[in-house]
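This briefing introduces one protein structure to a reader who has not met it before. It treats salt bridges, two helices and a pocket in turn.

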Amino acid sequence: MEKKERRNLGSRLGLSVISPTLASPEELMQQAEKSNGSSNGPMENESSDSVGSSSESIKAIYEFLPQTPIKTTDAHLVEFSEAMRTVAKALRRVAEGKATAQAEAAEWKRKYELEKARNIQHKIDGCPCCMNGKIENSIDQLKLDDLLSSEEKIECCGNHGICSHHQILGDEIPNPISNSAYKMVTRKASFRLSWGFNGDQNGQHKHDFVSFEKGDITTAERSNKQILLKWETQPQTVLIVTKPNSNSVRAISSEMVRWLKQRQKINVFMEPLMRKELVTNDTYFDFIQTWQDDEEIKLLHTKVDLVVTLGGDGTVLWAASMFKGPVPPVVAFALGSLGFMTPFPSEQYRECLSNVLKSPFSITLRSRLQCQVIREAAKDELELEEPILVLNEVTIDRGISSYLTYLECYCDSSFVTCVQGDGLIISTTSGSTAYSLAAGGSMVHPQVPAILFTPICPHSLSFRPLILPEYVTLRVQVPFNSRGQAWASFDGKDRKQLAPGDALICSMAPWPVPTACLVDSTTDFLRSIHEGLHWNLRKSQSFDGPSG
């Protein structure tokens, strides 16, 4: 009805069409005058009052017409509106992804706190030191079947030293196995760890003591955390891991295997390829044991008492990666280039191994990181990827992309920063002398409980490396508005692609790598940076002035 009235008004005024895009009052007046001039020619002598009244009528009609939205066909405005809608969708996805990531971080923290509380409760409930006032030596009397079927682990509170390897290194089998699967497993040698200093073998140690008297907090004395390992039963099995494709390593390994078997009466495990090479050259080495598949590798820690590596730091990393849980003590012989973790000289292997097998020796408990990739598309825990353990570092970089990496970093539930640069390194203290050092990170003693947070060529001069406490959980996420994808590598291998929305969770693993020391942990560390890096090596300043 309203449209019909408009058409009638327009036709009475001589306006044939009223455009959806409304004209101004002046344009309507000109159109009305033109229409009147063309259609009312015989009435040219009419007074100007009629024209004025027509103009007033047009103004009234214009005010009467509603201000309808202007319909445009401008292609640029259409493109702009589409772009704005796309940006709105992207922002909405970013907000949803951030909320989801925060919820995941809270859930991970909750699980971590529950596990930590459960472990503390086990320590309090099942510690033989606290219940009996002394360390009970019951490991030797347990049968292997009972050990494998045990569901609870007896741990020590540490108030009277460190007990056996089943406690401090968590030497247990995570899943029950059938009798046929462990018929070939021999009894592992047990050992005791204790605090000592510079070869002190009496097991005496100091405790952290904090005084709260009169409202003042004072540290009375510092602990000496050098750890000594003493065998309680003779080791029976040694795993030898060698550097590949090296004739000198092959020659030393064959001599070492022969010496261990003939002189020490010790069983020897080797990797399948190395065993095949030795047996091909000499059938005498047919007694060397090995494994056939990954399932047998998972049980290596139940069979091996000691690990011997012949190579460099890379060989130590490879040997550690073979153990997804507890790791036996590692004796690393230097046959590489640098050797931050290989203190023993290879030409003296007989003397070194004799000391390790018979007398107490110092060890360094090298922490490992437990890393897990959480995909944005994962719906539940069944779709989560298997955790990866690293001894040096996990690196997140931009891969082949020409764009800067864009990463959101969280520490527990706190936001840390956004990383824009070539990447990020999350390192252990053992890895502080590796990639992290090349990227500008600090060198840290391997027994310092910490996690290193080192950017790679950041796009900000104020972005300096951090050292965080070992108990935190780090989460690195690729945001949805990242221009490219990121890549994560774990100790230089197992490279994984991280798409927008994917996250990497890193925390300290409960299974350290115990490496034997030539002297003690501090002496070996300082020797390695002096010899390997020529740390602070310079010519002495000459004194050629007058004598005093």
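## Salt bridges, helices and a pocket

Glu385 and Lys496 form a salt bridge through their side chains, with an N to O distance of 3.3 Å. This pair links distant parts of the chain, 111 residues apart: Glu385 belongs to the loop between β12 (369-374) and β13 (388-390), and Lys496 to strand β21 (residues 493-498). The model is a predicted one, and the points below are grouped by topic.

**Salt bridges between distant parts of the chain**

- Glu385 is partly exposed, at 21% relative accessibility.
- Its partner Lys496 is also partly exposed, at 24%.
- Asp397 forms a salt bridge with Arg495, and their closest N and O atoms are 2.7 Å apart.
- Because Asp397 lies in strand β14 (residues 393-397) and Arg495 in strand β21, this pair ties together parts that are 98 residues apart in sequence.
- Asp397 is buried, with a relative accessible area of 16%, whereas Arg495 is partly exposed at 42%.
- Arg375, Glu385, Lys496 and Asp502 are joined into one network by salt bridges that share partners.

**A salt bridge within one helix**

- Arg85 and Glu82 meet in a salt bridge between their side chains, at 2.2 Å from N to O.
- Both residues belong to helix α4 (residues 75-126), and because they are 3 residues apart there, about one helical turn separates them.
- Arg85 is partly exposed, with a relative accessible area of 43%, and Glu82 is partly exposed as well, at 40% relative accessibility.
- The count of salt bridges comes to 11.
- Side chains of opposite charge can pair when their charged atoms come close.

**Helix α11, a mostly covered helix**

- Helix α11 (residues 313-321) has 7 of its 9 residues buried, and is thus mostly covered.
- The buried residues are Asp313, Thr315, Val316, Leu317, Ala319, Ala320 and Ser321.
- The elements covering these buried residues of α11 include β6 (237-242), β8 (306-311), β9 (330-334), β21 and β23 (513-516).

**Helix α9, with a buried side and an exposed face**

- In helix α9 (residues 272-281), the buried residues are Met274, Arg275, Leu278 and Val279.
- These residues are on the same side of α9, because they cover an arc of only 130° around the axis.
- Leu273, Lys276, Thr280 and Asn281 are exposed residues on the face of α9 turned away from its buried side.
- Cover for the buried residues of α9 comes from elements including β6, α8 (247-262) and β7 (267-270).

**The second largest pocket**

- The second largest pocket holds about 450 Å³ of space.
- Its lining consists of 21 residues, and those nearest the centre of the pocket are Ser321, Met322, Lys324, Lys493 and Asp494.
- Two or more lining residues come from each of the elements α10 (294-297), α11, β13 and β21.
- By residue type, the lining of this pocket divides into 10 nonpolar, 1 polar and 10 charged.
- Ser321, named among the residues nearest the pocket centre, is also one of the buried residues of α11.
- Strand β21 recurs across these topics: this strand holds Lys496, is among the elements that cover α11, and contributes to the pocket lining.

Key
Residues are numbered from 1 along each chain as its sequence is written. This is a predicted model: local features need pLDDT of at least 70, side-chain atom pairs count only at pLDDT 80 or more; totals for chains, interfaces and linings use all residues. Side-chain values use heavy atoms; hydrogens and water are left out. A salt bridge is a side-chain nitrogen of Lys or Arg within 4 Å of a carboxyl oxygen of Asp or Glu. Helices (H or I, at least four residues) and strands (E, at least two) are DSSP runs, numbered from the N terminus. Buried means under 20% relative accessible area, exposed over 50%, partly exposed in between (1.4 Å probe, protein chains only). Contact means heavy atoms within 4.5 Å. On a 1 Å grid over the protein atoms alone, a cavity is a set of points where a 1.4 Å probe fits but cannot get out, and a pocket is an open set with protein on both sides within 12 Å along at least five of seven lines; lining residues have an atom within 4 Å of a point. Grid points are joined across faces, edges and corners, and a volume is the space filled by probe spheres set on the points. Ala, Val, Leu, Ile, Met, Phe, Trp, Tyr, Cys and Pro count as nonpolar, Asp, Glu, Lys and Arg as charged, and the others, Gly among them, as polar. The arc is that of the directions from the helix axis to the C-beta atoms.
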